[in-house]
Amino acid sequence: MSITITIDGKPCVCEPGEYVLEIARRNGIFVPALCSLKPVLTERGCCRVCIVELVEDARSKVVVSCIYPVERECEVFTQSEKIVRERGMILALLKLLAPDATLIAQLAKAYRAPDLDRLEPNPEGGTCVLCGRCVEACSLLGTSSLAAVNRGVSKEIATAYHAPSATCIGCASCAGVCPTDAIPVVEDGAKRTIWNKDFELAYCEVCGELLGTVASLEHAATAAEVEPLFLCPVHKQKVLAQHLAHPYKP
Amino acid sequence: MIAVEPQRIQSILEAYPPEKRFALAILQDIQHEFNYLPEGSLEVVSARIGTPVAQLFALATFYKALSLVPKGRHIIKVCDGTACHMCGSSSLLVAIKQLLALEPGGRTDDGQFSLECVNCVGSCALAPVMIIDDAYYAKVNTEKLALILDAYRPGGEHDE
């Protein structure tokens, strides 16, 4: 049974159990979020940037909108004074954790994050906010080469033993889902270097378009139980069409 | 590839069904057997239970009970909780450094001792507390310390 909640004064119809962030986005209300990447990845609720104020039975509380399921009618405020203050503080702290991240600096400025002069920024610099999107993406692909290692202030995303991973296929999906471009991918035309490992690049056999790494194409072909095709989507279509048009020709 | 006898790891693995939920128990047993997780052991565990090596590495680096570098035969833990700190645990650390040339997190060159600085062990009335292997030593001072450590040196009464 549908219920109606209001977000920033706008009535929004939703199903019980839906997450506040999804409802807001569906209704065109922007809530900033770093770690959420629905529907590709599961909700993580770790960056805390998407907090909103929720008023239910005249009681107000701050909730993490990407993992807060709506159960009954309520009012949601995404820009209340409290939220602006707390979100600003969260962004200020993320900026200290990842002082070199352009996106975090932009968000901190846009949401008027305070200057925390009394705290030292991460002495190693860096752009990673430890959201774990890359770890989940790698796991979904069946490679699981990444994990969050160590704990507390020394926690970081790394491969086992910080060595080139035996299971990594160089697909760069980790870099693709990273909100702050924290994972370096270097390509020189013949090879791609990522996570301290070199991969041979694959190009379309007809037009020469870059397809990815040979290892990632082979991984995908193995999963689909077919032979790898080194063709771009356009030429793959043409080759298959030829094959269908002339099924009996060798 | 494995620096230790593979049969010893194999028998630990076979004590558990090959399921992911036993990852931590297996790693603890390997740690107990060798005093650390030998090189290559994570790969063997991964092959047996299907947990990716990266995740086992995450476990091994998360828990203080697991170590990827060899530990000494005897593990000295000096409590540095509030009470022990006030009662002079830092002077114990200084004394251990003088006696054994050992810093927290380190191991002596002969492999006899490892030193760990831990937070409260819940025995504040006995402060400062030092634990060697499973034995607790209460109200330790520098004179007592030298005697206790001697018992754990090679050939000492507690060095089995």
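Two residues are in contact if their C-beta atoms, placed from the backbone, lie within 7 Å. Keep that cut-off handy for the exercises below, and bear in mind that this is a predicted model.

**Exercise 1. Sketch chain B, from its contacts to its domains.**

Step 1: start with the contacts. Of those in chain B with a separation of 6 or more, 60% join residues 24 or more positions apart.

Step 2: list the elements. Chain B has seven helices and four strands, and from the N terminus they come in the order α-α-α-α-β-α-α-β-β-β-α.

Step 3: add the dimensions. Along the principal axes, the C-alpha atoms of chain B fill a box of roughly 50 × 35 × 20 Å. Of the 160 residues in chain B, 31% are buried.

Step 4: split the chain. The domain assignment gives domain 1 (6-62) and domain 2 (74-152) in chain B, and the C-alpha centres of these two domains are 30 Å apart.

**Exercise 2. Work out which part of chain B meets chain A, and what kind of residues it brings.**

Step 1: count each side. Chain B puts nine residues into the contact, and chain A puts in 13 residues.

Step 2: find the main contributor on chain B. Helix α4 (residues 53-62) of chain B gives the largest share of that side, with seven residues.

Step 3: sort by class. The side of chain B that touches chain A holds seven nonpolar and two polar residues, and no charged ones.

**Exercise 3. Decide how helices α2 and α3 of chain A are arranged.**

Step 1: get the geometry. Helix α2 (residues 81-97) of chain A packs against helix α3 (residues 102-110) of chain A at an angle of about 155 degrees, and their axes are 9 Å apart.

Step 2: apply the cut-off. Angles over 145 degrees count as roughly antiparallel, so α2(A) is roughly antiparallel to α3(A). The crossing of these two helices is left-handed.

Step 3: look at the residues. From α2(A), A:Leu91, A:Ala92, A:Leu94 and A:Lys95 meet A:Ile104, A:Ala105, A:Leu107 and A:Ala108 of α3(A). That contact has seven nonpolar residues, no polar ones and one charged.

**Exercise 4. Is A:Leu34 buried or exposed? Show your reasoning.**

Step 1: place the residue. A:Leu34 is in the loop between α1 (20-26) and β3 (51-56) of chain A.

Step 2: check the count. A residue is buried if 20 or more other C-beta atoms lie within 10 Å of its own; A:Leu34 has 24, so A:Leu34 is buried.

Step 3: name the neighbours. Leaving out residues up to four places away in sequence, A:Leu34 touches A:Cys47, A:Val49, A:Val129, A:Cys131 and A:Pro179.

Terms used. Residues numbered from 1 in each chain as written. Chains lettered and ligands numbered in written order. Predicted model: local features only at pLDDT ≥ 70, side-chain atom pairs only at ≥ 80, totals over all residues. Buried ≥ 20, exposed ≤ 12 C-beta atoms within 10 Å, placed from the backbone. Axes fitted to C-alpha atoms, helices over the stretch in contact; angles between N-to-C directions. Parallel < 35°, antiparallel > 145°, perpendicular 65-115°, else oblique. Left-handed = near helix turned anticlockwise from the far one by under 90°. Nonpolar A, V, L, I, M, F, W, Y, C, P; charged D, E, K, R; others polar. Domains from an automatic or database assignment.
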